[in-house]
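User: Please give a close account of how the metal is held in this model. Then set out the other local features of the chain, with the cut-offs behind each term.

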Amino acid sequence: MKRAGEFELIDAFVSALPHPRAPQGPGDDTAVLPPSRENLCVTTDALVENVHFSRPAFSLRDIGHKALAVNLSDLAAMGARPTWWLCALGLPKNTTRAQVLALARGMAPLARQHRLALVGGNITSSPVLTLTLTVAGQARRPMLRSGARPGDLLFVSGTLGAAAAGLSLPTPALVAAQKRPVPQVRLGLAAARWASAGIDLSDGLLADLGHLCAASKVGANLRSAALPLHPALPRSPKALQWALTGGEDYQLLVAVPPRHAARLGRAFTRIGEVTRHGGILTLDGARVSPQGFDHFRR
Ligand SMILES: [Mg+2]
């Protein structure tokens, strides 16, 4: 990429996003960030064209939104308050200023909503569009995957299955869930006060529950009738499968000691409980694989 073009694209990108307070970047050789008394929670995630998204199915605004949303979801999973972020873009050679603006405008509403300061980044030429974001937040007591104990109750925020269904059904609400996931930052901050463990649902409920149980050295039982299926899902066995294994819901799964369960509030639905059977997941008492219940059906 030519130097002048690169700087013009950087200016366009930065101009569309909330400006950080001095002495933070961007514009210096590195970002300069003040120390904090709370724990610094940092995550990074890359989105690559034709691996994580395809065009024109996803608009540039959709892509910008989703790149920031999935990183914010990881902060939500920790119960962290978002603070700053870095963004590295890989742009195909003929990328225009308007296209870079569209990416930034897809990110701007989330950045503004969560008071997230862009403190630095990089633009390079690339065979396909790539977005690599590093997002940081602060948490006094981060919600880890490893704290769940037998007897804890399992709760999930929001509804399940819509994003996965949106890949095969053209229903507007389902497609929106796929393209515009909403990171549950506020619920993560609230849940972290009471939860013993938490994770966000990116791979699918069973897979992510498997991660949480492995880290906590516990098992879990889910009740299928309790799962909060998205209201736009068709009434078919497929709906349960999307909810259990579809992925990309970006809701929160938390384990909460029974004495604190009433504190969680109505945004969360109780879906099961933590058991002492390390690594074993059951659905209505029957064993299931983290990859999906079909694998165990004969
Ligand atoms: Mg995660």
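Analyst: In this predicted model, the magnesium ion is coordinated at 2.1 Å by the OD atoms of Asp74 and Asp200. These two aspartates bring together distant parts of the chain, with their positions 126 residues apart: Asp74 belongs to helix H2 (residues 60-78) and Asp200 to strand E6 (residues 197-200). Donors here are N, O and S atoms within 2.8 Å of the metal (3.2 Å for Na, K and Ca), and the site may look incomplete because water is not among the atoms. Helices (H or I, at least four residues) and strands (E, at least two) are DSSP runs numbered from the N terminus. The two ligands also fall into separate accessibility classes: Asp74 is partly exposed because its relative accessible area is 24%, whereas Asp200 is buried because its value is 3%. The classes are buried under 20%, exposed over 50% and partly exposed in between, with a 1.4 Å probe and protein chains only.

Residues are numbered from 1 along each chain as written. Local features require pLDDT of at least 70 and side-chain atom pairs 80 or more, while totals for chains, interfaces and linings use all residues; side-chain values rest on heavy atoms, without hydrogens or water.

Helix H2, which supplies Asp74, also holds isoleucine 63. Isoleucine 63 counts as buried because its relative accessibility is 1%. The C-alpha atom of isoleucine 63 lies 7.6 Å from that of phenylalanine 53, at a sequence separation of 10 residues. The loop between strand E1 (39-48) and H2 contains proline 56. Arginine 55 is joined to proline 56 by a cis peptide bond, with omega about 10 degrees. At phenylalanine 58, the ring has the charged end of lysine 179 over it, 5.8 Å from the ring centre; this requires NZ of Lys or CZ of Arg within 6 Å of the centre and within 35 degrees of the ring normal.

The largest pocket has a volume of about 600 Å³. Of the 31 residues in its lining, Arg81, Pro82, Thr83, His114 and Arg115 are the closest to its centre. Strand E2 (81-91), helix H3 (97-113) and helix H6 (185-191) are the elements that each contribute two or more residues to that lining. A pocket is an open set of points on a 1 Å grid over the protein atoms alone, where a 1.4 Å probe fits and protein lies on both sides within 12 Å along at least five of seven lines; lining residues have an atom within 4 Å of a point. The volume is the space filled by probe spheres set on the points, which are joined across faces, edges and corners. By class, the lining holds 17 nonpolar, 8 polar and 6 charged residues, where Ala, Val, Leu, Ile, Met, Phe, Trp, Tyr, Cys and Pro are nonpolar, Asp, Glu, Lys and Arg charged, and the others, Gly among them, polar.

Two neighbours in sequence, arginine 115 and leucine 116, occupy the loop between H3 and strand E3 (117-125). Arginine 115, listed above among the residues closest to the pocket centre, is exposed because its relative accessibility is 74%. Its phi is positive, about 50 degrees, although arginine 115 is not a glycine. Leucine 116, by contrast, is buried because its relative accessible area is 1%. Between the C-alpha atoms of leucine 116 and proline 82 the distance is 6.1 Å, across 34 residues of sequence; Pro82 is another of the residues closest to the pocket centre.

Helix H6, one of the contributors to the pocket lining, includes alanine 190. Alanine 190 is partly exposed because its relative accessibility is 38%. From alanine 190 to alanine 163, 27 residues apart along the chain, the C-alpha separation is 24 Å.

Beyond the strand of Asp200, helix H7 (residues 205-216) contains alanine 207, which counts as buried because its relative accessibility is 19%. Its C-alpha atom is 7.0 Å from that of threonine 245, with 38 residues separating the two along the chain. A further positive phi, about 55 degrees, occurs at aspartate 284, again not a glycine. Aspartate 284 sits in the loop between strand E10 (281-283) and strand E11 (286-288), and is partly exposed because its relative accessible area is 47%.
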